[in-house]
Amino acid sequence: MATTPSFPKISRLGTWTPGWNDAVEREKALSEAERARLLYVACTRARDHLIVPIIPEAGKRKGMLGWLAPDLPEWDEDAAEQLVDGCLLYDRRLIEDEEDAASDGDDAAARDGAAAAADDPSAQELDAAEHARASWQEDRAELLRAAGRELEVLTASSVELLWQRPLTIEVNEADGTVVSSGKGPPLPVGDAVHQVMEVIDLAAPGSIEPVVGAVCSEFGLLDRREEIQALVEQCLASPAVARAVAAEASWREVPFTIPWEDGLAVGRIDLLFVEDGRIVIVDYKTDDVAPDAIGEAVESHRSQAEVYAAAAKKTTGLPLSEVVFVFCRAAREGACRWD
């Protein structure tokens, strides 16, 4: 027996395609959910007080007001003023009715004047009130100043001796090269070395020339390509990198933000790995350090190592073994160790 095909419903109001009624119901549910969301947002944005005009009488409240009605405080319809949740509320209509009902205005004014005279504060009370207000204003101003201070953000790599990376630099106007005014290479050289070490395969780097060339082109350092490649090769040849390759787990360029003193400390850890259940941190340095001055250089970076150590312990929950500084220009390593 053949089945009867399903045709669109037809009525005097129009034609609906199959599934129309279900779609309408879903649309209504979505619209209702959106209204509930908007009501929640409106109610939770109030800082001190949420004022809800209640116009329909009880039993006739619909929509958003109907949702709120069960949680609204009860209102005494006959009271001109009342205390609701610690707030004194007034019904101006009833107050005006009471004022209109007062027949003897002169007597009322006399009574009010006598009451006011009886309540007049003394000069001593006025002085005390003015002093209290002045103190409050000073306290408020100090609170506003304190609240307006920006949160101090410390960059981990900045907490080292200044001679390692000088504050002042100059630009060669001929070619735009950044030249340091003290020891160490130009800042972009170190950034380029870090960029290469981030993207190459530490376990099987293969030919690194294409990567070095691409990074030098990006940083505008093609004239220092050989220098940067030599520094990268020294990093790859370091014992610390070999330990990371053999470790049970390792990560590169690990960003962090942690509470530090009265603000935050932010930074990126070049290389982090787990060895015998303890964290080891590796930081590449392109400082111009003599081989016999490695110990002094490590001490100059100890504050930075302490920030890295705090970040690693806080985020991993593992004990820290050491922070190893790879001084690739000197082909040496130095470490800050923790027991």
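## Exercises on a predicted model

Seven of the eight residues of strand 10 (residues 278-285) are buried, so the strand is largely enclosed by the rest of the structure. The model is a predicted one, and the exercises below begin with this strand.

**Exercise 1.** Determine which strands pair with strand 10, and in which sense each of them runs.

*Solution.* Begin with strand 9 (residues 263-275), which is joined to strand 10 by five bridges and runs antiparallel to it. Within this pairing, F273 has V280 of strand 10 as its bridge partner. The two strands form a hairpin with two residues between them, and in the turn D276 has a positive phi of about 55°. Next take strand 11 (residues 320-327), which runs parallel to strand 10 and is joined to it by seven bridges. Here V282 stands opposite V324 of strand 11.

**Exercise 2.** Find how strand 11 and strand 12 (residues 332-337) pair, and describe the turn that lies between them.

*Solution.* The pairing of strand 11 with strand 12 is antiparallel and extends over six bridges. One of the residues to look at is E322, whose bridge partner in strand 12 is R337. The hairpin made by these two strands has four residues between them, and A331 in the turn has a positive phi of about 55°.

**Exercise 3.** Check whether the length of helix 8 (residues 225-236) agrees or disagrees with the expected span, and work out where its buried residues lie around the axis.

*Solution.* With 1.5 Å a residue, the 12 residues of helix 8 should span 16 Å, and the end C-alpha atoms are 17 Å apart, which agrees. The buried residues of helix 8 are I228, Q229, L231, V232, C235 and L236. They cover an arc of only 160° around the axis, which puts them on the same side of helix 8. As a general rule, an α-helix has 3.6 residues a turn, so residues three or four places apart point the same way.

**Exercise 4.** Identify which residues of the largest nonpolar core touch the most other members, and which elements give two or more residues to this core.

*Solution.* The largest nonpolar core has 29 residues, of which M197, I200, I228, V232 and Y284 touch the most other members. Two or more residues come from each of helix 6 (187-199), helix 7 (209-219), helix 8, helix 9 (239-246), strand 9, strand 10 and strand 11. Another core, of 24 residues, lies apart from this one, and among its residues are A265, I279, I294 and V307. To follow a single member of the largest core, take V232, which, once its neighbours within four places in sequence are left aside, is in contact with V193, V196, M197, I200 and I208. In helix 7, the residues V212, G213, V215 and C216 are buried, while just after this helix G220 takes a positive phi of about 70°.

**Exercise 5.** Find how many aromatic pairs a search of the whole structure gives, and classify each of them.

*Solution.* The search finds two aromatic pairs. In one of them, the rings of F256 and Y308 have centres 5.9 Å apart and planes at 90°, so this pair is edge-to-face. It links distant parts of the chain, with F256 in strand 8 (residues 249-260) and Y308 in helix 11 (residues 302-316), 52 residues apart. Both F256 and Y308 are buried. In the other pair, the ring centres of F325 and F327 are 6.4 Å apart and the planes lie at 40°, so the pair is tilted. F325 is buried, with a relative accessible area of 0%, and F327 counts as buried at 0% relative accessibility.

Technical notes
Residues are numbered from 1 along each chain as its sequence is written. This is a predicted model: local features need pLDDT of at least 70, side-chain atom pairs count only at pLDDT 80 or more; totals for chains, interfaces and linings use all residues. Side-chain values use heavy atoms; hydrogens and water are left out. Buried means under 20% relative accessible area, exposed over 50%, partly exposed in between (1.4 Å probe, protein chains only). Two strands pair if DSSP finds at least two bridges between them. The expected span of a helix is 1.5 Å times one less than its number of residues. The arc is that of the directions from the helix axis to the C-beta atoms. A nonpolar core is a set of buried Ala, Val, Leu, Ile, Met, Phe, Trp, Tyr and Cys residues joined through side-chain atoms within 4.5 Å. Contact means heavy atoms within 4.5 Å. Rings of Phe, Tyr and Trp (its six-membered ring) pair if their centres lie within 6.5 Å; planes under 30 degrees apart count as stacked, over 60 as edge-to-face and the rest as tilted.
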